[in-house]
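Colleague: I am new to this model. Please pick one part for a close look, then connect it to some other features.

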Amino acid sequence: MKARIAVLLVALLATACSKQSGNTTAVGKDADLDSGARIAAADTTPEVWLSHGRGYSEQRYSPLTQITTENVERLGLAWAFDLGTSRGIEATPLVVDGRIYVTATWNVVYALDAKTGEEIWRFDPQVDRSKAADLCCDVVNRGVAWWDGKIYTGTIDGRLLALDATTGRKLWDVVTVDQNKPYTITGAPRVVKGKVLIGNGGAEFGVRGYISAYDANTGKQVWRFYTVPGNPEAGFESEIMAEAAKTWTGDWWRFGGGGTVWDSMAYDPELDLLYFGVGNGSPWNQSIRSPEGGDNLFLSSIVAVKPDTGEYVWHYQTTPGETWDYTATQHLILADLQIGEDTRKVIMQAPKNGFFYVIDRATGELISAENYVPVNWASHIDTQTGRPVELPEARWGGRKPYLQLPGPLGGHNWHPMSYSQQTGLVYIPALETPYIYADEEAFSASEVGWNAGADASFGSLPTDMAQFKAMRAAVKGRLLAWDPVAQKAAWKVEHNSPWNGGVLSTAGGLVFQGNADAKFVAYDARTGKRLWDHFAQTGIVAAPISYQIDGEQYIAVASGWGGAFALIYGGLFPAESAPGVGRLLVFKLDGKASLPVMPERHLAKPDVPKPTVDAAALVKGQKLYNSSCLVCHGDHAVSSGLLPDLRWSPLLAHEDAWHSVVIGGARVGQGMPSFKSDVTKQQSDLIRQYVMSEANEPLEVRVKAQQ
C-alpha cells in the first residue's frame, strides 16, 4: 500500500509539473521517473492509454464511465482514418497528450489528433519487404511504445527505432537480430525503467529466441536473455542457460530451438519484476529437435527477470517438452485476487494449450489451472507438481497421426484478453480449432519454408461433404467470460467463426470486441448480452482502447482482416467483409460520421489450362504446395483476398513466367521469396499443375456439388 501511495504521489507531482511547463518531455533520470510513474499510475489517469495494455499490469480495463450499458446504443462513429493497407491490422493504439499513435502493415507509424483524426505525421521505416517470407502469419505489427517524448517501434526486418513523438523524426535505429537468419519482429515494445524491451519471431523457420533491453535514450543494448540454450561447445551465456541445457537432448541447436518472445510482457513495479511469455519449439516436432525428450526449457514458459539486468528470478512452464506449437506468448495479466482468505498477487494467462493459469507472480507457484476450452492432449494440470498429466497418444512425434484439441492456433491466440476490476472476470477471445498432427516424411531443414516437422497435408480441409461439414462444425470462436478465482466460465457468446478481435472492458459495465464478421460489438460485462454493434466493412482482429478528451469518452479500434487463420483458411471461412479497408475507427456518444460506401468488386477469372499430369503427380504437387505455399496462399489454393489467389494467376498459363517467380525470385520485393534452395524446376511445375487442378475444380464447387 505504501508503494502504491508513493507511485500515485509521484504521478500527481509529475502531472502538475508538466501542466505548468506545458511540456511533458524531460531529460535523464527525471524523465524516466515521470514516464514510469505515469504508466504505473494508469488507473488514476484514465483519460490516456500510455502502454500496450494501458498500464504495466496489462489489464486492458478502462476506468472511464461516460459510456455505459444504459447509453451505449447512442454510440456512433466520431471519425475514421484510412491506414492505406490491404493486409491485417493488429495494432493497439496509444493515446498520449492528445495524440493517438497507431501502426499499419509494413510498420508504418501514424500520429493523429485524437479528437479529430487529423494526421500530424507519418513515418515509414522502409522495411525490407523480402522479409515477409520469414513471417509465419502476415506482415503485421501490434503497435508502438511511448516513453519520455519518444515513440518506439519494431520492424519485420528486425530493427528497433525511436521516433520523436512530436515530429516523427527518427532519433535512432538499431538492428536487434542477425538479419541473415529468419528473425522478424511483430510485437509491440514495452518500456520499463528507461529500457525498451523487444523480442522477436521466427520459431517456425528455425531460430533461437531471446528478449533484449535497450537504453531508451541511446538505443544501446543493456542486456539480453536467451530463452533456449545454444551449442554447448560454444559455452553458455549464463548459469541459467547451462541449467536449461540439461533439459534438452540431441543436437537441438542445429535447428535453432525456437522459444521466441514474440508478444506478451508485463511488469510489477512493487516487486520490480518483468514477466514475458516464451514461444514454441523449433521444429514443433520434439522427436526431431530433442529426440530423447526432456522439458526443453524455457519453451512455452512464463519467465520473470529483473528489468535492470535481465537476471533470472523464476519460471513456470505451461507445456513441458512442447511439441504442438503451444506457445505461452499469449497475453499476461497482473491482478490482486481474493482467493480464500488471502489476497494473492497473481499473473494470469490463457495460453494456446487450453488451460487457464493463475500463478503467484512473486514466486512462480501455481495456484490453479483449469481448461477453458475442450482439450484432449492432457487430462488436467497437477496442482502439486504444476505439470500437465498428458494422454500418451497425444505425443505424436514418431507415432500415428492424432486429431487434437486445441490445434496449433490454440485455445487462445495473440488477440489480447481483458480483466475487469469491476466484475473480476477475464474476457478471452477463445478458439476451438482441431488439427491432425503427423510426422513429416524425411524431414530436412528448409532455408525459406517452415520447419515444423509436421505434415501439413493432414490439416488440409476435406473435399468429402460429410467430412467437410463435420470439420466446419468443429471449428469455433467465442467470447468467453472467465472467473479466475472459481476457474469456470461465467458466460460465453458464440461467434460465427474463429479469429475474432482482442477485448476491452470498462467501468461503464461494458466489454468491447470486434469480430470476423466485420462487426464491432459492445456487450454487458456481467451477462454477455449484446447491446450495440457497428459494421466495420472488414473483420477486426485488433483490441480496442478507450480515452477521454475535453470531457468526452472515446472508444477506438483498428480494423483490418488478417493474420494466420485468415491467410490459411480465410477463403473457406470468410469474414462478412472485404480485404483492403484497414482503418482506425473512433467512436463517441452521438457520433455522426460514416464510412465511405464500399465499391463493388468485379473480377474476371482468366482462362486456366487444365493439368497435363496424372493424379499421382497432382498428389505430389499438393504436398509440395502444402509445405511451401499453403501458409500464405491458403489451403487448397483458396485465398482470403489478402494475398493473390493463385488460381486466378495469369502465370499458370506460362510455365517460364511461373518459374521466374517461384525459383527466380522475380517478386521478392513484394514479399514473395525465391524457393530455389528448396524447390527444383520440376517440383515448381508440379505445384503449378496442382494449382491448375484447383482452379479447374475449386474446393468451393466440389463441396457445394454434394449438398
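Modeller: I will start with one strand and its two hairpins, then move on to a sheet, cysteines, charged pairs and one loop residue.

First, how to read the values. The model is predicted, so local features need pLDDT of at least 70, side-chain atom pairs count only at pLDDT 80 or more, and totals for chains, interfaces and linings use all residues. Residues are numbered from 1 along each chain as its sequence is written, and side-chain values use heavy atoms, with hydrogens and water left out.

The part to look at is strand 8, residues 150-154. Strands (E, at least two residues) and helices (H or I, at least four) are DSSP runs, numbered from the N terminus. Is strand 8 mostly covered or uncovered? It is mostly covered: 5 of its 5 residues are buried. Buried means under 20% relative accessible area, exposed means over 50%, and partly exposed lies in between (1.4 Å probe, protein chains only). In a regular strand the side chains alternate between the two faces of the sheet. Here both faces are covered. K150, Y152 and G154 are buried on one side. I151 and T153 are buried on the other.

Now the neighbours. Two strands pair if DSSP finds at least two bridges between them. Strand 7 (residues 145-147) pairs with strand 8 in the antiparallel sense, over 3 bridges. Strand 9 (residues 159-164) also pairs with strand 8 in the antiparallel sense, over 5 bridges. Follow I151 across. Its bridge partner is W146 on the one hand and L163 in strand 9 on the other.

The turns come next. Strand 7 and strand 8 form a hairpin with 2 residues between them. In that turn, D148 has a positive phi of about 50 degrees. The hairpin of strand 8 and strand 9 has 4 residues between the strands. There, G158 takes a positive phi near 90 degrees.

Elsewhere, look at an open sheet of 5 strands. Its order is 1-33-34-35-36, and the pairing is mixed. The edge strands are strand 1 (61-62) and strand 36 (530-535), each pairing on one side only. Inside the order, strand 34 (residues 510-514) and strand 35 (residues 519-524) pair in the antiparallel sense over 5 bridges. One link there: G514 has F520 of strand 35 as its bridge partner.

Next, the cysteines. A disulfide is a covalent bond between the sulfur atoms of two cysteines. Here the test is a pair of cysteine sulfur atoms within 2.5 Å. The structure holds 1 disulfide. C136 and C137 form it, with 2.1 Å from S to S. The link is left-handed, with -100 degrees about the S-S bond. C136 is partly exposed at 23% relative accessibility. C137 is partly exposed at 22%. Why is C629 not bonded to C632? Because their sulfurs are 8.7 Å apart, too far for a bond, although C632 has the closest cysteine sulfur to that of C629. C629 counts as buried at 13% relative accessibility, while C632 is partly exposed at 28%.

Now the charged pairs. A salt bridge puts a side-chain nitrogen of Lys or Arg within 4 Å of a carboxyl oxygen of Asp or Glu. The whole structure has 34 of them. In one, D97 meets R38 at 3.3 Å, N to O. This pair links distant parts of the chain, 59 residues apart: D97 sits in the loop between strand 3 (94-96) and strand 4 (99-103), and R38 sits in helix 2 (residues 28-40). D97 is partly exposed at 41%. R38 is buried at 14%.

Another salt bridge joins D590 and R74, with the closest N and O atoms 2.6 Å apart. These two are 516 residues apart along the chain. R647 and D645 meet in a salt bridge at 2.9 Å, N to O. Both R647 and D645 are buried. Salt bridges that share partners also join D268, E270, D336, K345 and R361 into one network.

Last, a loop residue. F443 lies in the loop between strand 30 (435-437) and helix 5 (465-474). Leaving out residues up to four places away in sequence, F443 touches F255, P283, I288, N451 and G453. Contact means heavy atoms within 4.5 Å.
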